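Hello,

Here is the structure I promised to pass on to you. Have a look at it first, and then read my notes below.

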Amino acid sequence: MKDVLGIIDIKAQDDILSELTDFRCIASVPFGGRYRLVDFILSSMANSGLQRVAVFTLYKYGSLMDHLETGKSWDLNRKEDGLHILSPNIFYSTQPNLPGNIKLFYSQLDFLGRCRQNDAIISPGNLVCNLNFRKAMAFHKEKRADITVFYRAAMGNGSSSPWGYGLVKSPSGRVLQIEKGSKAGQGSMPLVEIFILSKQLLLEMVESGIINGAEDLFRDIIFKYQDEYNIYALPIDSYFAEINSIEHYYQANIDLLNPKIRQSLFFEPGLIYTKGKDEPPSRYLNGSHVTNSLLANGCVVEGTVNSSILSRGVKVEKGAFIENSIIMQKSHIGENSHVEFAILDKEVTISSGGRIIGGSSNPIVIGKRKKL
Amino acid sequence: MPPFLRGEEDDNWYRGTANAIYQNLCFIDKYKPRYVLVLSGDHIYKMDYSIMLQFHQEKQAELTIAVIEVPWDEASRFGIMHTDRQGRVTEFQEKPERPQSNLASMGIYIFNTETLKKYLHADNENPDSSNDFGKDVIPLMLSKGGRIFAYKFRGYWKDVGTIESFWEANLDLICSRNGLDLFDRSWRIYTVNRNQPPHYVAAGAKIINSLVNEGCEIFGEVNGSVLFDGVHVGEGSIIKDSVVMSNVSIGRNTRIERAIIDENAHIGDDCLIGSEKKDPPEIILVREKLVLPENSVIRTTSF
């Protein structure tokens with residue numbers, strides 16, 4: 001797997017998670033009490049034996065760089081290869097639309113050409129999954145595929161692919177057709193945004209894409225010219241969620257309360273790594289009442305928490321009541337306050353007696369460092 | 001600096017605390033520091049050594065020993081210092097029967113490097129010495145009129161040299177008012193990261209007055225206890241006043257009280273672990289990787 005380059009393509013999905021993506025790109029949105037979304041695909045790549053991973057950023061990547069550091073949490077702080085965070089080499093602020101990934105890759109042609117790896121796995125940074133790519137690489141080689149794509153065999157989250165593409169394949173795994181949007185359905189499998197292809201093919205696509213005015217590698221090339229490529233598909237049958245909206249984000253968090261999902265997502269086939277914080281264990285005081293919830297380290301709980309996820313360093317004061325909510329790092333829930341169906345970003349303060357109540361189908365989002 | 005890496009002689013394992021440093025004097029010489037700070041690895045406390053060093057410099061001391069006031073009735077368990085008004089040590093008694101002071105040595109020393117070398121060489125010349133700082137080196141230095149000062153420390157400090165004190169120190173962490181605030185972000189205690197997910201508390205679980213680490217799955221009741229990472233507590237089980245280390249699994253309807261369960265132990269269903277002796281408490285230690293079958297009962301440490 002040394003010969004495979006990991007590419008994490010952090011797309012411009014500006015307001016996709018409303019206030020959660022005000023200050024950060026989607027890949028560095030906190031998830032599951034102690035992770036950032038990027039941890040899942042990055043850990044999958046590291047556990048699969050990839051030694052070089054390039055993270056293509058577009059903007060708002062300050063918090064992502066702070067999180068990834070040198071890559072040491074993923075054992076990617078290496079002399080040879082390692083983790084590369086690539087900022088866009090383009091002036092896009094003057095352009096009416098944000099550049100697609102073809103322009104981004106083109107702006108790093110020098111880097112891509114320099115990499116000694118001959119194959120690439122390309123993934124976005126908003127996937128919640130735990131994958132092993134070794135088998136997929138062997139399959140890709142065995143089938144002599146130009147491109148290997150993935151589809152969801154078991155539904156982890158929602159019934160239709162949020163990405164909106166589906167595929168029809170032969171029993172051997174050969175892709176007969178990739179379909180878009182509403183046509184996806186009857187006999188077609190929801191496609192996942194991960195591709196395996198040779199670096200040579202990637203460079204060819206990028207160069208011809210630039211000449212022909214293509215923006216997006218998948219939409220404008222792979223999908224459009226699918227008949228020209230030998231495409232194979234592999235199923236993902238473990239837990240898989242694509243975070244493209246607040247609803248998906250909320251649901252995928254709540255999914256973690258299911259012990260089977262937790263076991264499969266956090267332990268199989270490898271562990272999910274994240275930046276360490278050296279927090280003490282969480283402290284439960286007299287009077288605390290916690291049920292069906294996940295708590296990271298460093299929390300102090302004196303109130304009630306039901307069916308919720310608390311990140312590191314959250315404080316729940318006496319008489320506070322939290323239910324069906326996602327509370328991020330170092331938020332402070334004051335005495336006798338009530339938080340229900342809410343997503344609280346980092347360092348939010350709910351003052352004593354405060355009430356934050358969202359709807360079960362549309363949880364309320366409170367932005368970073370807000371005081372209510 | 002493991003001892004087995006040194007020398008060819010058979011008897012070069014470290015004999016006492018002072019001998020451990022004597023054997024590594026060449027390491028100290030390599031860096032030529034002006035001062036040497038000597039610490040123990042089994043004490044629980046938070047201290048800013050730079051303030052102690054400042055005290056050492058101000059007093060123009062050759063050796064500064066950190067001391068803490070202990071309850072008079074416990075003073076005979078410690079090395080006790082007598083000081084004059086300036087804080088200079090006039091007498092040192094190792095575990096005195098009738099202590100005349102309650103200033104106990106914390107085993108934290110700042111030496112001027114030259115002083116340290118001088119007395120370590122002298123101590124090594126003495127065939128009757130046990131090569132220990134408290135028993136040999138400090139009394140020797142006092143008898144030669146060395147400038148030894150006592151630096152008073154206020155705050156939480158615990159020597160965890162026994163099963164009981166280890167158990168107590170762990171349970172002390174639960175209480176927020178003991179002076180050792182684990183939650184102080186300006187003074188973190190760093191440790192390894194085991195890459196465990198957040199801990200899960202199930203619908204029927206009950207946790208009060210406890211510390212719970214990441215990776216735990218709690219279905220039963222945890223009260224007054226400290227749980228390390230990856231501990232599983234089954235439905236109907238009760239863990240009270242206990243320390244449970246990493247990756248221990250505890251079955252259903254098991255009761256554990258005043259115990260230390262070492263890493264990777266497996267305790268079956270319907271077990272009972274805990275002595276009835278409470279004053280002083282008898283702490284039951286379940287060894288690493290021990291597998292206790294269902295219905296096991298352990299009521300005493302003496303088999």
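**Strand β1 of chain A and its neighbours**

In chain A, strand β1 pairs with strand β4 (residues 52–56) in the parallel sense, over 5 bridges. Within that pairing, A:Leu5 stands opposite A:Arg52 of β4(A). Please keep in mind throughout that this is a predicted model.

β1(A) also has a second partner: strand β6 (residues 119–124) of chain A pairs with β1(A), again in the parallel sense, over 6 bridges. Here the residue facing A:Asp9 is A:Pro124 in β6(A).

How much of β1(A) is buried? The strand covers residues 4–9, and 6 of its 6 residues are buried, so β1(A) is largely enclosed by the rest of the structure. You can check this face by face. On one side sit A:Val4, A:Gly6 and A:Ile8, and on the other A:Leu5, A:Ile7 and A:Asp9; all of these are buried, so that both faces are covered.

**Chain A as a whole**

Stepping back, chain A contains 9 helices and 28 strands. Its radius of gyration is 21 Å, close to the 21 Å that the globule rule gives for 372 residues, so chain A is as compact as a globular protein of that length. The C-alpha trace spans about 65 × 45 × 40 Å along its principal axes.

Of the 372 residues in chain A, 60% are buried. Contacts in chain A tell a related story: among those with a separation of 6 or more, 60% are between residues 24 or more positions apart. The exposed area of chain A is about 14400 Å², with 47% of it supplied by carbon and sulfur atoms.

**A hairpin in chain A**

For an antiparallel example, look at strands β9 (residues 165–169) and β10 (residues 175–180) of chain A, which are joined by 5 bridges. A:Tyr165 has A:Lys180 in β10(A) as its bridge partner. The hairpin of β9(A) and β10(A) has 5 residues between the strands, and A:Gly173 takes a positive phi near 105° in this hairpin.

**Moving to chain B**

Chain B has an open sheet of 6 strands with parallel pairing, in the order β10-β13-β16-β19-β22-β25. Which strands lie at the edges of this sheet? They are β10 (206–208) and β25 (297–298) of chain B, each of which pairs on one side only. At the β25(B) end, strand β22 (residues 272–273) of chain B and β25(B) pair in the parallel sense over 2 bridges, with B:Ile298 in β25(B) as the bridge partner of B:Ile273.

Helix α6 of chain B (residues 163–172) is also worth a look. Its residues B:Ser165, B:Trp167, B:Ala169, B:Asn170 and B:Leu171 are buried. The buried residues of α6(B) pack against five strands of chain B: β2 (43–45), β8 (157–159), β14 (226–227), β17 (243–244) and β20 (259–261).

Finally, to the surface. B:Met1 lies in the segment before α1 (17–22) of chain B. Is B:Met1 buried or exposed? With a relative accessibility of 56%, B:Met1 is above the 50% cut-off and therefore counts as exposed. B:Met1 forms a nonpolar surface patch with B:Phe27 and B:Tyr31, and together the three have about 360 Å² of accessible area.

Happy browsing, and do write back with any questions.

Best wishes

Methods: Residues are numbered from 1 along each chain as its sequence is written. Chains are lettered from A and ligands numbered from 1 in the order in which they are written. This is a predicted model: local features need pLDDT of at least 70, side-chain atom pairs count only at pLDDT 80 or more; totals for chains, interfaces and linings use all residues. Side-chain values use heavy atoms; hydrogens and water are left out. Patches are made of residues with over 30% relative accessible area and no salt bridge: like charges are joined within 9 Å, nonpolar side chains (Val, Leu, Ile, Met, Phe, Trp, Tyr) within 5 Å. Accessible areas come from the Shrake-Rupley method with a 1.4 Å probe; for residues, only the protein chains shown count as cover. A salt bridge is a side-chain nitrogen of Lys or Arg within 4 Å of a carboxyl oxygen of Asp or Glu. Helices (H or I, at least four residues) and strands (E, at least two) are DSSP runs, numbered from the N terminus. Buried means under 20% relative accessible area, exposed over 50%, partly exposed in between (1.4 Å probe, protein chains only). The radius of gyration is taken over C-alpha atoms; the globule rule is 2.2 Å times the number of residues to the power 0.38. Contact means heavy atoms within 4.5 Å. Two strands pair if DSSP finds at least two bridges between them.
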